[in-house]
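Reader: I would like to go through this model with you. Let us take the overall fold, then single residues.

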Amino acid sequence: MNNQERMLDLILGLPEQMAEAAVIARMARLGRRRRFDKVVVAGMGGSGISGDVARCLLSDVSPVPVFSCRDYTVPVAVTERTLFVAISYSGNTEETLTAFRQAMRRKCRMLAITSGGKLERAANRAGVPVIVVPGGLPPRAALGYLFVPLLVSLERLGVCRSHKRDLTEAVGLMAEHRKKWYNKAKPIARALLDQLPVVYSTSRLLDVVAERWRCQLNENAKVMCHTNVFPEHNHNEIVGMGAPEFLAERMVVVALLDRATHPRTRLRLRHALDVTQDGYVRVVRLESEGRSALARLFSLVMLGDLVSVELARLRGVDPMPVARIAELKRRMARRRGVRPDARIRRVR
Ligand code: PA5
């Protein structure tokens, strides 16, 4: 199996991965339930996106807000009433580890999700519950292993209702439609070849899906991608579309739609694309599938993942390695001169 086939296999295997992750998460030791005023999920890149999936999914159902933290430092609002979840697939991401240590000092209720590394060791040393998932994958291909334990933990700790039925639906839907969606992904990838993908989300639920499309197109297909959200787009970006001209001649809009998309937002999308028709080459409209929000969200995540791996094939690039990320991490590891912890102490 070459890397192209391997990445495709990993994407198509997402439902099985999610089902396995649910079993791991239900058996994990989490400690007692407590009342939290917020959940903060720290993580970067392919790990951090799980926090955003939870943020979008739960914003309409949980009274406890979920925030993501993608930096070395945690907001001042992170206190002992916060549930702080650190997610790093490798367990070695310096921003996440630094935020984890800071949250420990703030006496938050802590949880770690990782396949090992320094995060697992730090959590074990501090007596913090840690959910250890299978390793050896690119982090972005471990979305099921990272997101599902987060969701199940939030349920078990009383932050949100059970999503067991929705998870079963999402797993079944993806398993049933994955071949069909791969065929649907192929012409979309062809439309994006040598163009700038511009992915618009049209509901809070889908904001993270647009982000996932961008990250997957960046890392698998090795291309730039722009994202924005509706209706906010209508109040700024609508004016800029079409310039510079070389971009207008290369922009393909992907509009992500869902039954939670407000009817007025649908109307806005139609008019906005009409008003800006000299600002892009073509539009691909995509509707989510499924009943529950979780299934609908993942229907478009999987489609985007498939588009990214197909675009990698069309471009003749290897979807697996992310050489620049690895190189940057190597350089940062060599230069440990500025200790983030020391800087935090000075600032506070
Ligand atoms: O896809 C990737 O490799 C990156 O986006 C990583 O997920 C990111 O660098 C963070 O690493 P980790 O997921 O191991 O914490």
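Reader: What percentage of the 348 residues of the chain count as buried?
Author: This is a predicted model, so every value here is computed from predicted atoms. Buried means under 20% relative accessible area. By that cut-off, the share of the 348 residues that count as buried is 53%.

Reader: How many helices and strands are there in the chain?
Author: Both kinds of element are present in the chain. The helices number 14. The count of strands is 9.

Reader: Why does the chain count as compact as a globular protein of that length?
Author: The globule rule gives 20 Å for 348 residues. The chain comes close to that value, so it is as compact as a globular protein of that length. Its C-alpha atoms fill a box of roughly 55 × 45 × 45 Å along the principal axes. The radius of gyration behind the verdict is 20 Å.

Reader: Among contacts between residues at least 6 apart in sequence, what percentage join residues at least 24 apart?
Author: Contact means heavy atoms within 4.5 Å. Take the pairs at least 6 apart in sequence, then keep those at least 24 apart. The share that remains is 81%.

Reader: What part of the accessible surface belongs to carbon and sulfur atoms?
Author: The accessible surface of the chain comes to about 16100 Å². Carbon and sulfur atoms hold a share of 53%.

Reader: How far apart lie the centres of the positive and negative side chains?
Author: The chain has 58 positive side chains and 34 negative ones. Each set has its own centre. The separation of these centres is 8 Å.

Reader: Which aromatic pair links helix H6 and helix H12?
Author: The search of the whole structure finds 2 aromatic pairs. One of them is tilted, at 5.6 Å centre to centre and 40° between the planes. It links residues 151 apart, one in H6 (residues 143-156) and one in H12 (residues 293-315). The partners are Phe-147 and Phe-298.

Reader: Is Phe-298 buried or exposed?
Author: Its partner Phe-147 counts as buried at 0% relative accessibility. Phe-298 has a relative accessible area of 0%. That is under the 20% cut-off, so Phe-298 is buried.

Reader: What is the angle between the planes of Tyr-200 and Phe-230?
Author: These two rings form an aromatic pair, 5.2 Å centre to centre. Tyr-200 lies in strand E6 and Phe-230 in the loop between strand E7 and helix H9, so the pair ties together parts that are 30 residues apart in sequence. Tyr-200 is buried at 0%, and Phe-230 is buried at 4%. The pair counts as tilted, with an angle of 55°.

Reader: What kind of peptide bond joins Phe-230 and Pro-231?
Author: Most peptide bonds are trans. Here omega is about 5°. Pro-231 is found in the loop between E7 and H9. The bond is cis.

Reader: Where does Pro-244 lie?
Author: The peptide bond from Ala-243 to Pro-244 is cis, with omega near -10°. Pro-244 lies in the loop between H9 and helix H10 (245-248).

Reader: Is Asp-194 buried or exposed?
Author: Asp-194 lies in the loop between helix H7 (164-192) and E6. Its phi is positive, about 60°, although it is not a glycine. Its relative accessible area is 55%. The cut-off for exposed is over 50%, so Asp-194 is exposed.

Reader: What is the phi of Lys-222?
Author: Lys-222 sits in the loop between helix H8 (204-219) and E7. At 32% relative accessibility, it counts as partly exposed. Most residues other than glycine have a negative phi. Lys-222 is not a glycine, yet its phi is positive, about 60°.

Reader: Which residues is Met-18 in contact with, leaving aside neighbours within four places in sequence?
Author: Met-18 lies in helix H2. It counts as buried, at 0% relative accessibility. Beyond its sequence neighbours, the contacts of Met-18 are Gly-144, Val-148, Leu-167, Val-171, Met-174 and Phe-298.

Reader: Which residues is Ala-28 in contact with, again leaving aside neighbours within four places in sequence?
Author: Ala-28 is in the loop between helix H2 (14-27) and strand E1 (38-42). It counts as buried, at 13% relative accessibility. The contacts of Ala-28 are Ile-131 and Arg-156.

Definitions and conventions. Residues numbered from 1 in each chain as written. Predicted model: local features only at pLDDT ≥ 70, side-chain atom pairs only at ≥ 80, totals over all residues. Heavy atoms only, no water. Helix = DSSP H or I, 4+ residues; strand = E, 2+ residues; numbered from the N terminus. Rg over C-alpha atoms; globule rule 2.2 N^0.38 Å. Buried < 20%, exposed > 50% of the residue type's maximum accessible area, 1.4 Å probe, protein only. Areas by Shrake-Rupley, 256 points an atom, 1.4 Å probe, with all protein chains shown as cover. Lys, Arg positive; Asp, Glu negative; His and termini not counted. Charge placed at Lys NZ, Arg CZ, Asp CG, Glu CD. Phe/Tyr/Trp six-rings, centres within 6.5 Å; stacked < 30°, edge-to-face > 60°.
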